[in-house]
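Visitor: I'm new to this structure and would like a close look at one part of it. Could you pick a sheet and walk me through how its strands and the pieces around it fit together?

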Amino acid sequence: MQSPLDMLVFAKVVELESFSRAAQRLGISRSAASKHVSRLETVLGARLLNRTTRKLSLTEAGSSIREHCRRMAAEVEASEISVQPFVSRPQGLLRVSAPSAFGRLHLVPLLPEYLALHPDISIDLVLSDQLVDLVAEQFDIAISSSPLVTANLIRRELVPIRWSICGAPSYLESSGTPMQPDELHRHNCIYYASAAVRGDHWTFKQNGESNTVQVRGNFRANNSEAVRDAAVSGVGIALLPTFAISREIYDGTLLRLMPDWTPLGTFGQSLTAHFIADRHLTPKIRTLIDFLVERFGQTPHWDESLGDREVLKSKVGNDTASQPMPAPAQGTS
């Protein structure tokens, strides 16, 4: 079977009447061009060119295949021209996967601006907390808090995930305010959990030391917004990413707890964009990732808006920390 590359090189040699000029046009060495033509002759079982030190001429067999090879070369050049707009400017369909809560709260609000900047782009956004296969599911970009294991992927961190322990004033007034991680076992704790994330072990750091506690509670969900809404309703104390609770912290419907401790969270410390490694990275992928990195920044707006808003004893009552606390409801592990 003839190699298309061998046929392309042969067509260029005939067109330019020179191995050297054909090789230069194709970006290969003269010896490589000669090998391609020789290989084509071997496969066809016929000499295609008469070679002399001064001139090249077609044999009868070469003349018979010349037009076929010329058409194939023209098709290759036409395909390069048709692809050029995608290489030079953002254009076409961009399929993106992102976590549900983060995507709805912070990705979707930014996309109209990106689309206005790049009107030749259209976006197919899939919001899901399940890990995806970029190749099998034909995604251009997958945003995830967990690393994807598919081979040949490039990863770029978009934004850090910071975590906070929080509770509604109504819950804290009735059940007390935990001041240390070890006090959480006496509280109804609600949290994110999924098939990949158990969620009931909370780890805290302080002064370089860590403390992990196992919590219990009567509500868990595989969506940060659902856990947040349950916390706002006074169900219990929640461990949540700050991107899901900045508005509630700001307006006081949730209060941050244990500010001297840094919770590590349950499903990651950053959101990362994954895309297939390719030296010809298309502008639509590059521009969206650059746009998101710039808009989010190292300290995203939802963390800036939190400032130093923390639980104040005067707001929940100085004596709540010492009030008796009801045992948490059973049903989770």
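**A walk around the five-stranded sheet**

Guide: Let's start with β15, a strand that is mostly covered, with six of its seven residues buried. Keep in mind that what you're looking at is a predicted model.

β15 has a partner on either side, so let's take them in turn. With β6, β15 pairs in the antiparallel sense, and seven bridges hold that pairing. One spot to look for is Arg 156, which stands opposite Ala 273 in β15. With β5, β15 also pairs in the antiparallel sense, this time over three bridges. Look for Ala 273 again here: Ile 143 stands opposite Ala 273 of β15.

Now keep going past β5. Strand β5, residues 141-144, pairs with strand β3, residues 92-98, over two bridges, and here the sense is parallel. Val 96 has Ile 141 of β5 as its bridge partner. β3 is another mostly covered strand: six of its seven residues are buried. On to β4: β3 and β4 run parallel and are joined by seven bridges. To find your place in that pairing, look for Ser 97, which stands opposite Val 126 in β4.

In general, strands of a sheet pair through backbone hydrogen bonds, and they can do it either parallel or antiparallel.

Put those pairings together and you get the whole thing: an open sheet of five strands in the order β4-β3-β5-β15-β6, with mixed pairing. The edges are β4 (121-127) and β6 (153-160); each has a single partner strand, so one side of each is left without a neighbour in the sheet. The strands aren't lined up perfectly, either: neighbours in this sheet are turned by 20° against each other on average, direction ignored.

Next, the helices that sit on this sheet. Helix α5, residues 100-107, packs on it and touches β3, β4, β5, β6 and β15 (270-276). The direction of α5 makes about 140° with that of β4. Helix α10, residues 283-296, packs on the sheet as well, touching β3, β4, β5, β6 and β15. The direction of α10 makes about 25° with that of β6.

α10 deserves a second look. Its 14 residues reach 20 Å from the first C-alpha to the last, close to the 20 Å expected at 1.5 Å a residue. Quite a few of its residues are buried, including Ile 285, Leu 288, Ile 289, Phe 291, Leu 292 and Phe 296. Just after α10 comes Gly 297, with a positive phi of about 70°.

Now go back to the other helix and find the loop between β3 and α5, where you'll see Pro 99. Is Pro 99 buried or exposed? Pro 99 is buried, because its relative accessible area is 14%, and buried means under 20%. Leaving aside residues up to four places away in sequence, Pro 99 touches Leu 127, Ser 128, Asp 129, Ile 143, Ser 144 and Leu 271. You met Ile 143 earlier, standing opposite Ala 273 in β15. There's also a link to a distant part of the sequence: Pro 99 and Ser 224 are 125 residues apart along the chain, and their C-alpha atoms are separated by 9.9 Å.

Before you go, let's step back from this sheet. There is another open sheet, with three strands in the order β10-β9-β14 and antiparallel pairing. Its edges are β10 (209-214) and β14 (262-263), each with a single partner strand, so one side of each has no neighbour in the sheet. Strand β9, residues 201-206, pairs with β14 in the antiparallel sense over two bridges, and Phe 204 stands opposite Pro 263 in β14.

As for the whole protein, its secondary structure comes to twelve helices and 15 strands. Buried residues make up 45% of the 333 residues. Of the contacts with a separation of 6 or more, 75% are between residues 24 or more positions apart.

Terms used: Residues numbered from 1 in each chain as written. Predicted model: local features only at pLDDT ≥ 70, side-chain atom pairs only at ≥ 80, totals over all residues. Heavy atoms only, no water. Pairing = 2+ DSSP bridges. Helix = DSSP H or I, 4+ residues; strand = E, 2+ residues; numbered from the N terminus. Axes fitted to C-alpha atoms, helices over the stretch in contact; angles between N-to-C directions. Contact = heavy atoms within 4.5 Å. Buried < 20%, exposed > 50% of the residue type's maximum accessible area, 1.4 Å probe, protein only. Expected span 1.5 Å × (residues − 1).
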